[in-house]
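Please examine the chain below, first in sequence and then in three dimensions. The paragraphs that follow lead from one helix end to the overall fold and then to individual residues.

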Amino acid sequence: MQIDSPLTLGAFILALALGTFATRALPFVLFAKKIPNFVLYLGRLAPPMIIGILLVFCFKDILTLSALSHLPLKEIIASNVVIVLFLLTRFSFLAILCGTGVYMFLTQSKILETMIS
């Protein structure tokens with residue numbers, strides 16, 4: 001998308017800001033009096049579902065290979081970082097953030113490939 005004039009850019013940013021504000025404020029408007037039971041149920045169910053989706057997404061390339069041509073060291077190391085940090089701190093966000101950082105570092109730096117070969 002190409003925006004040519006500053007007025008168009010300002011309108012675009014304003015529309016994004018209003019849309020973001022509306023999505024943030026809408027739950028407070030809808031559930032101001034009492035939170036429905038199905039929302040509470042989804043609140044309890046969502047974290048394990050999200051972790052399950054993340055696990056499937058993380059290991060999809062390993063599981064779909066017809067023959068493992070390589071040992072998935074990056075995935076194993078990053079998964080262990082997440083598990084150990086979560087068990088030590090019980091802070092999911094920190095564990096996932098650090099595990100993602102370790103995985104991205106190992107992927108971008110190619111350090112494991114140089115150590116193995």
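Which residue follows α3, and what is the sign of its phi? The residue is R90, and its phi is positive, near 60°. This is a predicted model, and the description that follows should be read accordingly. R90 is not a glycine, although it has this positive phi of about 60°. Its place is the loop between α3 and α4. R90 counts as exposed because its relative accessible area is 57%, and the cut-off for that class is over 50%.

A second residue can be described in similar terms. K110, which is not a glycine either, has a positive phi of about 60°. K110 is located in the loop between α4 and α5, the latter covering residues 111-116. With a relative accessible area of 46%, K110 is classed as partly exposed.

These two loops belong to a chain whose secondary structure consists of five helices and zero strands. Read from the N terminus, the order of elements is therefore simply α-α-α-α-α. The chain has 117 residues, of which 7% are buried. Its exposed area is about 9,700 Å², with carbon and sulfur atoms supplying 76% of that area. Among contacts with a separation of 6 or more, 38% are between residues 24 or more positions apart.

Part of the nonpolar surface can be located precisely. F38, Y41, L42, L45 and M49 make a nonpolar surface patch of about 500 Å². One of these residues, F38, lies in helix α2, which spans residues 37-64. F38 is classed as exposed because its relative accessibility is 53%.

Attention now returns to α3. This helix has 17 residues, and the distance from its first C-alpha to its last is 24 Å, close to the 24 Å expected at 1.5 Å a residue. Helix α3 covers residues 73-89 and contains E75. Is E75 buried or exposed, and which side chain of opposite charge is nearest to it? E75 is buried and has no salt bridge; the nearest side chain of opposite charge is that of K74, 5.2 Å away. That distance lies outside the salt-bridge cut-off, because a side-chain nitrogen of Lys or Arg must be within 4 Å of a carboxyl oxygen of Asp or Glu. When neighbours within four places in sequence are set aside, the contacts of E75 are with C58, F59, I62 and Y103.

The next helix, α4, comprises residues 92-109 and includes V102. Which residues does V102 touch, apart from those up to four places away in sequence? They are I77, A78 and V81. V102 and V81 are 21 residues apart along the chain, and their C-alpha atoms are separated by 7.9 Å. V102 itself is partly exposed because its relative accessible area is 26%, which falls between the limits of 20% and 50%.

Taken together, the residues discussed offer a set of reference points for inspecting the model: the exposed R90, the partly exposed K110, the buried E75, and the patch that includes F38.

How values were computed
Residues numbered from 1 in each chain as written. Predicted model: local features only at pLDDT ≥ 70, side-chain atom pairs only at ≥ 80, totals over all residues. Heavy atoms only, no water. Patch = residues over 30% accessible without salt bridge, like charges linked within 9 Å, V, L, I, M, F, W, Y side chains within 5 Å. Areas by Shrake-Rupley, 256 points an atom, 1.4 Å probe, with all protein chains shown as cover. Helix = DSSP H or I, 4+ residues; strand = E, 2+ residues; numbered from the N terminus. Buried < 20%, exposed > 50% of the residue type's maximum accessible area, 1.4 Å probe, protein only. Lys, Arg positive; Asp, Glu negative; His and termini not counted. Contact = heavy atoms within 4.5 Å. Expected span 1.5 Å × (residues − 1).
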